[in-house]
Amino acid sequence: MMVKLKNIDKIYPNGFSALKNINLDVSNGDIYGIIGFSGAGKSTLIRIINLLESPTNGEVIVNGKDLSKLNNKELRLQRQKIGMIFQHFNLLSSRNVFGNVSFALEIAKWGKDKIKTRVEELLELVGLSDKANYYPSQLSGGQKQRVAIARALANQPHLLLCDEATSALDTKTTKSILHLIKDIQKKLNLSVILITHQIDVVKEVCNKMCVISNGEIVESGNVEDVFLNPQQEVTKELISFMPPTRDDNIVDYLKDKSNVYKIIFTGPNAYNPLVSQMVKKFNVDVNILSGSIDEIIDKEVGHLVIKILGDPFIIQDCLNWLIAQGVTIQTIILKDK
Ligand SMILES: Nc1ncnc2c1ncn2[C@@H]1O[C@H](COP(=O)(O)OP(=O)(O)O)[C@@H](O)[C@H]1O
Ligand SMILES: [Mg+2]
């Protein structure tokens with residue numbers, strides 16, 4: 001286990017209760033997404049993981065060590081093993097790219113020669129070897145975040161914390177930074193905790209996730225399971241901010257939306273001709289309105305929007321049969337336009 005939070009409460013000095021009984025397990029090698037709306041308590045939570053903020057109650061265990069039991073020196077050493085990146089990059093404007101990355105190593109008292117080799121290695125890793133002499137003002141947002149990533153990785157951390165790391169970037173740059181994080185995670189066998197209010201970020205790179213609302217974790221699990229079967233209203237609302245799929249657009253144009261269902265299949269089901277079996281078995285007619293394959297963390301998920309024509313009782317039997325085959329069914333709900 002890389003991170004274990006046990007019964008964490010955070011009450012700020014003004015009496016505001018920002019976190020309530022948080023329990024969180026992040027395994028080695030997870031890219032763990034923590035998602036919630038603004039003000040939910042995400043930044044408070046991530047600052048507690050490296051004890052930049054101390055919890056009012058509870059235990060923070062990182063890589064087997066209870067951080068609150070360490071003295072200052074031990075805590076400093078542990079913090080070097082936890083890298084962190086932020087929405088606004090937090091680079092030093094008076095230092096060039098090389099200087100920003102070397103800063104982390106100077107603090108850790110590395111020798112000059114070793115620093116040079118290490119910085120060059122890191123700039124190579126984040127694809128900025130040719131920008132070593134540039135100053136932050138001469139870089140794009142994506143390049144700045146690459147510098148921040150190189151700096152965060154300088155002391156060979158085992159954990160990388162990302163607080164809204166892509167929120168200031170455009171869609172294309174967001175993707176490239178997320179892919180960099182994913183690559184680095186694999187190459188360096190890191191654990192990553194990624195805090196965001198953007199649901200597509202979680203879908204793109206995370207394997208595990210939890211949803212935080214008003215300082216509480218209200219839902220957690222494998223990303224695939226939470227996406228396909230969200231339990232809480234807030235989770236459904238966050239997911240509704242996904243860019244609309246072609247399926248959703250097509251359904252918007254339908255005049256008669258009765259008996260229209262979106263069926264979602266994963267794994268072996270994606271390859272079974274379930275709909276044609278259903279047609280034969282129950283003797284109904286089916287209009288296929290739309291179909292697509294989507295990817296959630298590298299797993300294929302089939303979506304099919306169908307309209308079933310037939311007796312209402314038989315339609316219900318059809319739906320029950322599909323569910324028994326392991327299919328997820330969503331009745332199409334239209335978003336207010
Ligand atoms: N130092 C503080 N004192 C009092 N309240 C705070 C402090 N920092 C944050 N908060 C409050 O805690 C809540 C969660 O803040 P934050 O963790 O920054 O949320 P998020 O990162 O999810 O947007 C907010 O309501 C915020 O106003
Ligand atoms: Mg925040």
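This report covers the domains, the sheets and two helix pairs of a predicted model.

## Domains

The domain assignment splits the protein chain into two parts. Domain 1 covers 3–233, and domain 2 covers 246–331. Their C-alpha centres lie 39 Å apart.

## The four-stranded sheet

One open sheet holds four strands. Their order is β2-β1-β4-β5, and the pairing is antiparallel. β2 and β5 (65–66) are the edge strands, so named here for a simple feature: each pairs on one side only.

Start with β1 and β2. Strand β1 spans residues 3–11, and strand β2 spans residues 17–26. Six bridges join these two antiparallel strands. One pair to look for is L5, whose bridge partner in β2 is L24. The two strands form a hairpin with five residues between them. G15 in this hairpin takes a positive phi near 95°.

Now go to the other edge. Strand β4 (residues 57–62) runs antiparallel to β5, and two bridges join them. Here I61 has D66 of β5 as its bridge partner.

## The six-stranded sheet

Another open sheet holds six strands. The order is β6-β7-β8-β3-β9-β10, and the pairing is mixed. Its edge strands are β6 (82–86) and β10 (216–222), each of which pairs on one side only. From one strand to the next, the twist averages 15°.

The β6 edge shows parallel pairing. Five bridges link β6 to strand β7, residues 159–163. In this pair, M84 stands opposite L161 of β7.

The β10 edge shows antiparallel pairing. Strand β9 (residues 208–213) is joined to β10 by six bridges. S213 has E216 in β10 as its bridge partner. β9 and β10 form a hairpin with two residues between them. N214 sits in the turn, with a positive phi of about 45°.

## Helices α3 and α5

Helix α3 spans residues 97–107, and helix α5 spans residues 141–153. Their axes come within 7 Å and cross at roughly 25°. Angles under 35 degrees count as roughly parallel, and α3 and α5 are therefore roughly parallel to each other. The crossing is right-handed.

Which residues of α3 meet α5? They are V97, N100, V101, F103 and A104. On the α5 side, the residues are V147, A150 and R151. By class, this contact has six nonpolar residues, one polar and one charged.

## Helices α11 and α12

Helix α11 covers residues 274–282, and helix α12 covers residues 312–324. The two axes come within 11 Å. They cross at roughly 140°. Roughly antiparallel would need an angle over 145 degrees, and α11 and α12 are therefore oblique to each other. α11 passes α12 in a right-handed crossing.

From α11, the contact takes L274, M278 and F282. From α12, it takes I314, D317, C318, W321 and L322. Seven of the contact residues are nonpolar, none is polar and one is charged.

Note on methods: Residues are numbered from 1 along each chain as its sequence is written. Chains are lettered from A and ligands numbered from 1 in the order in which they are written. This is a predicted model: local features need pLDDT of at least 70, side-chain atom pairs count only at pLDDT 80 or more; totals for chains, interfaces and linings use all residues. Axes are lines fitted to C-alpha atoms, for helices over the stretch in contact, and angles run from 0 to 180 degrees between N-to-C directions. Angles under 35 degrees count as roughly parallel, over 145 as roughly antiparallel, 65 to 115 as roughly perpendicular and the rest as oblique. A crossing is left-handed if the near helix is turned anticlockwise from the far one by less than a right angle, and right-handed if clockwise. Two residues are in contact if their C-beta atoms, placed from the backbone, lie within 7 Å. Ala, Val, Leu, Ile, Met, Phe, Trp, Tyr, Cys and Pro count as nonpolar, Asp, Glu, Lys and Arg as charged, and the others, Gly among them, as polar. Domain bounds come from an automatic or database domain assignment.
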